[in-house]
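Hi there,

Here is the structure I promised to pass on to you. Have a look at it first, and then read on for what turned up in it.

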Amino acid sequence: MSAPVHPDGNQVNSSAANPYQPGITASTVLDASRRQPASSPSGAAELASQPISALTLEDQKKLAVAKELVIDNLRYVPDFPIPGIKFIDILPIFQNPVAFSSLIDVLALLIQERFGDVVPDIIVGLEARGFLFGPTLALRLNRPFVPVRKKGKMPGACRTVEYTKEYGKDEFQVQESAIKPGQTCLIVDDIIATGGTAAAAGRLVELSEAHIMGYLFMIDIINLKGTSLLGDKPIITLVEHNEEE
């Protein structure tokens, strides 16, 4: 809560079926809260591209269809939560069982594409939207899900890191018993914008003496360069959104 993903140059069709996000274009840049003032340059979202040579033809087709379903179920909400803000809403995906199922399909395929037969030991999800699909993805991979939450939300002994956000600082925690030394962790969230929350989750994994296998995001706001905070770890993104193009 965004090794950058390589764009494939494909622009989203401006006649997208979803009336809430025609063309997946926006006139704002998103910050860590998925929003920014409307004075920013306009741009367009595009599908993130990873090499697909490791996938079968059938899986390549499934990947393409699922990506389009995700795009069609995103919507932009103007003037939310305050006037002048345009908010990217991912919730329609979870209101459509076909889109939700396809989302999990494609995320599992992208993990296979990047890591081959190697599966992370743990899926680590960030509060709060990482909880929407992280547990389901973990179930698909037959792996545990570990939540990263704001300080004071979980009982027992916790590891804590501080991170900077738009209007100050906050703290993330993970339960000490949740991640074992030496385990490999894939950190997931819905959007990477400025990258502070994802980087904080990475520090919690390292404090647990575990390994960061990589990061996975539904949407990367690429012009905010949040992935630059994540070092050289592999990053998987389903959709890229560039507000400067």
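One definition before we start: a residue counts as buried under 20% relative accessible area, as exposed over 50%, and as partly exposed in between. Glu-162, at 46% relative accessibility, is therefore partly exposed. Please keep in mind that this is a predicted model.

**The overall picture**

The protein has five helices and 12 strands. Of its 245 residues, 50% are buried. About 10,900 Å² is exposed, and 54% of that comes from carbon and sulfur atoms.

**Salt bridges**

Since we have already met Glu-162, let me begin with its partner. Glu-162 and Lys-169 join their side chains in a salt bridge, at 3.6 Å from N to O. Lys-169 has a relative accessibility of 57% and is therefore exposed, while Glu-162 is partly exposed. Elsewhere, Glu-127, Arg-149 and Lys-153 form one network through salt bridges that share partners.

How many salt bridges does the structure hold? There are eight in total. Another one pairs Asp-190 with Arg-129, with 3.9 Å between N and O. Asp-190 belongs to strand 10 (residues 184-192), whereas Arg-129 sits in the loop between strand 6 (122-126) and helix 4 (130-141), so this salt bridge ties together parts that are 61 residues apart in sequence. Is each partner buried or exposed? Asp-190 has a relative accessible area of 0% and is therefore buried. Arg-129 has 25%, so this residue counts as partly exposed.

Lys-151 and Glu-171 make a further salt bridge, and their closest N and O atoms are 3.3 Å apart. This pair also links distant parts of the chain: Lys-151 is in the loop between strand 7 (145-150) and strand 8 (158-165), and Glu-171 is in strand 9 (residues 168-175), 20 residues apart. With a relative accessible area of 24%, Glu-171 is partly exposed.

**The nonpolar cores**

Which residues have the most contacts inside the largest nonpolar core? They are Ile-93, Leu-103, Ile-111, Phe-133, Leu-137, Leu-216 and Ile-219, in a core of 38 residues. Several elements give two or more residues to this core, including helix 1 (57-72), helix 2 (91-94), helix 3 (97-115) and helix 4, as well as strand 10, strand 11 (211-221) and strand 12 (235-242). Helix 3 contributes the most, with 10 residues. Another core lies apart from this one and has 25 residues, among them Leu-126, Tyr-163, Phe-172 and Ala-201.

One of the core residues also leads back to the salt bridges. Leu-216 and Asp-190 are 26 residues apart in sequence, and their C-alpha atoms are 8.3 Å apart in space.

**How the helices pack**

Two packed helices are described by the angle between their axes and the distance between those axes. For helix 1 and helix 3, the angle is about 130° and the axes are 8 Å apart. These two helices are therefore oblique to each other, and helix 1 passes helix 3 in a left-handed crossing.

Helix 3 also packs with helix 4: their axes come within 10 Å and cross at roughly 60°. Helix 3 and helix 4 are therefore oblique to each other as well. Here the crossing of helix 3 past helix 4 is right-handed.

**Backbone details to look at**

Where is the cis peptide bond? It joins Glu-127 and Ala-128, with omega at about 0°. Ala-128 is in the loop between strand 6 and helix 4, and Glu-127 is a member of the salt-bridge network described above.

Asn-142 is not a glycine, yet its phi is positive, at about 60°. This residue is in the loop between helix 4 and strand 7. Asn-142 is at 63% relative accessibility and therefore counts as exposed. Between Asn-142 and Val-119 there are 9.4 Å in space, C-alpha to C-alpha, and the two are 23 residues apart in sequence.

Glu-209 is not a glycine either, and has a positive phi of about 60°. Glu-209 is found in the loop between helix 5 (196-207) and strand 11. At 57% relative accessibility, Glu-209 is therefore exposed.

Happy to go through any of this with you.

Best wishes

Definitions and conventions
Residues are numbered from 1 along each chain as its sequence is written. This is a predicted model: local features need pLDDT of at least 70, side-chain atom pairs count only at pLDDT 80 or more; totals for chains, interfaces and linings use all residues. Side-chain values use heavy atoms; hydrogens and water are left out. A salt bridge is a side-chain nitrogen of Lys or Arg within 4 Å of a carboxyl oxygen of Asp or Glu. Helices (H or I, at least four residues) and strands (E, at least two) are DSSP runs, numbered from the N terminus. Buried means under 20% relative accessible area, exposed over 50%, partly exposed in between (1.4 Å probe, protein chains only). A nonpolar core is a set of buried Ala, Val, Leu, Ile, Met, Phe, Trp, Tyr and Cys residues joined through side-chain atoms within 4.5 Å. Accessible areas come from the Shrake-Rupley method with a 1.4 Å probe; for residues, only the protein chains shown count as cover. Axes are lines fitted to C-alpha atoms, for helices over the stretch in contact, and angles run from 0 to 180 degrees between N-to-C directions. Angles under 35 degrees count as roughly parallel, over 145 as roughly antiparallel, 65 to 115 as roughly perpendicular and the rest as oblique. A crossing is left-handed if the near helix is turned anticlockwise from the far one by less than a right angle, and right-handed if clockwise.
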